[in-house]
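I opened this notebook to keep a record of what I looked up in one structure. The entries run from confidence and overall fold to single residues and charged pairs.

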Amino acid sequence: MGPRLREPRFPAPGSVSADCRPGLALFLLLCLPTVAGAAEEVRVEASRAGTAVAVNARANLNAPLAIIWNTLTDYERLPEFIPGMKRSRIIGRRGPAAIVEQDGEAGFLVFRVPIHVVVESAEYPPHLITIHVVRGNLRQLEGRYQIEQGASAEEHILRWSGLIEADTVLPAFITVPLMRANIEDQFTGMVREIKRRYEARQKADMQVIDK
């Protein structure tokens, strides 16, 4: 048997907030604006948590649960729609978890930080995915995706929350905007891909009806 999956600790949604002082963290900008795209609204909040950064992101989605879940777990295609991710491949399975090796880059202004990690992505369908770094150049990565039901069958709230600490030593006034800008980009990329897949399915359904 492999080691037991770790149950990560997460900040409660809405319990952290961003300010304009140095001191935050990774996959994310100072005073981050709300990102609006079509029917979706993306919000990201981040704050310093010791040597790590606590991050909460959420988006309102008009899409079926199955499409949201399938996009979140489409690990090997993540580089096609997640900014900064260059490679993502499944290298094994352990219980409910996919073991995924990923390479990418976190960037802000002229600063670029290479990222190489192996993560354990434990899937608890249809609403929860927990993520834990196994090895790589992140000192800490504990996170989760959670899907909540909205007002109708095709309305959902997608949340990502976690703690991230980079191995690269940078001043706090660089680390905070670096991590926050990248989290915003990556979460927004996921939301846009969910929307694109749902629109593609709707178009295909309409073509079947028209025949």
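The entries below follow the order in which I consulted the structure.

**Entry 1. Confidence.** I note at the outset that this is a predicted model. I looked up the mean pLDDT of the protein and found 80, with 73% of the residues scoring at least 70. I then asked which element has the lowest mean pLDDT and which the highest. Strand β1 (residues 35–37) has the lowest, at 38, and α1 has the highest, at 98. Over residues 1–39 the pLDDT stays under 50, although the model has 124 contacts beyond four places in sequence for this stretch. Where pLDDT is low, predicted coordinates should not be read in detail. I therefore do not interpret those 124 contacts of residues 1–39 further.

**Entry 2. Fold and surface.** I counted the secondary structure and recorded 2 helices and 9 strands. Along the sequence the order reads β-β-β-α-β-β-β-β-β-β-α. The protein has 211 residues, and 48% of them are buried. I looked up the accessible surface as well: about 10600 Å², with 53% belonging to carbon and sulfur atoms.

**Entry 3. D103.** I turned to D103, which I located in strand β5 (residues 97–108). Is this residue buried or exposed? D103 has a relative accessible area of 19%, and because the cut-off for burial is under 20%, D103 is classed as buried. I next looked for a polar partner of the D103 side chain and found the side chain of R87, in a polar contact of 2.7 Å. R87 also appears in the contact list of D103, which, leaving aside neighbours within four places in sequence, holds G84, M85, K86, R87, I115 and H116.

**Entry 4. H156.** I placed H156 in strand β9 (residues 155–166). Its relative accessibility is 3%, so H156 counts as buried. The side chain of H156 makes a polar contact of 3.4 Å with that of Q149. I listed what H156 touches, not counting residues up to four places away in sequence: A59, N60, L61, A63, P64, L65, I68, I147, E148, Q149 and G150.

**Entry 5. V133.** I found V133 in strand β7 (residues 128–136). V133 has 9% relative accessibility and therefore counts as buried. Not counting residues up to four places away in sequence, V133 touches V117, V118, V119, L138, Q140 and L141. I also checked V133 against E101: the two are 32 residues apart in sequence, and their C-alpha atoms are 9.9 Å apart in space.

**Entry 6. R112.** I located R112 in strand β6. With a relative accessible area of 47%, R112 is partly exposed. I compared its position with that of L178, which is 66 residues away in sequence; the C-alpha to C-alpha distance is 8.6 Å.

**Entry 7. Salt bridges.** How many salt bridges does the structure hold? I recorded 14, and I inspected several of them individually.

I began with R197 and D74, whose closest N and O atoms are 2.8 Å apart. R197 lies in helix α2 (residues 172–210) and D74 in the loop between α1 (65–72) and β4 (85–94), so this pair ties together parts 123 residues apart in sequence. I checked the burial of both partners: R197 is buried at 16% relative accessibility, and D74 is buried at 18%.

I then looked up R77 and E80, a salt bridge with its closest N and O atoms 3.0 Å apart. R77 is partly exposed at 35% relative accessibility, whereas E80 is exposed, with a relative accessible area of 56%.

The third pair I examined was E120 and R94, whose closest N and O atoms are 2.5 Å apart. E120 lies in strand β6 and R94 in strand β4, so the pair ties together parts that are 26 residues apart in sequence. E120 counts as buried at 7% relative accessibility, and R94 as partly exposed at 24%.

Finally, I asked which residues are joined into one network by salt bridges that share partners. They are D74, E193, R196 and R197.

Methods:
Residues are numbered from 1 along each chain as its sequence is written. Side-chain values use heavy atoms; hydrogens and water are left out. Helices (H or I, at least four residues) and strands (E, at least two) are DSSP runs, numbered from the N terminus. Buried means under 20% relative accessible area, exposed over 50%, partly exposed in between (1.4 Å probe, protein chains only). A polar contact is a pair of N or O atoms within 3.5 Å; within protein, one must be able to donate a hydrogen and the other to accept it, and residues adjacent in sequence count only if both atoms are side-chain atoms. Contact means heavy atoms within 4.5 Å. Accessible areas come from the Shrake-Rupley method with a 1.4 Å probe; for residues, only the protein chains shown count as cover. A salt bridge is a side-chain nitrogen of Lys or Arg within 4 Å of a carboxyl oxygen of Asp or Glu. pLDDT is the predictor's confidence in each residue, from 0 to 100.
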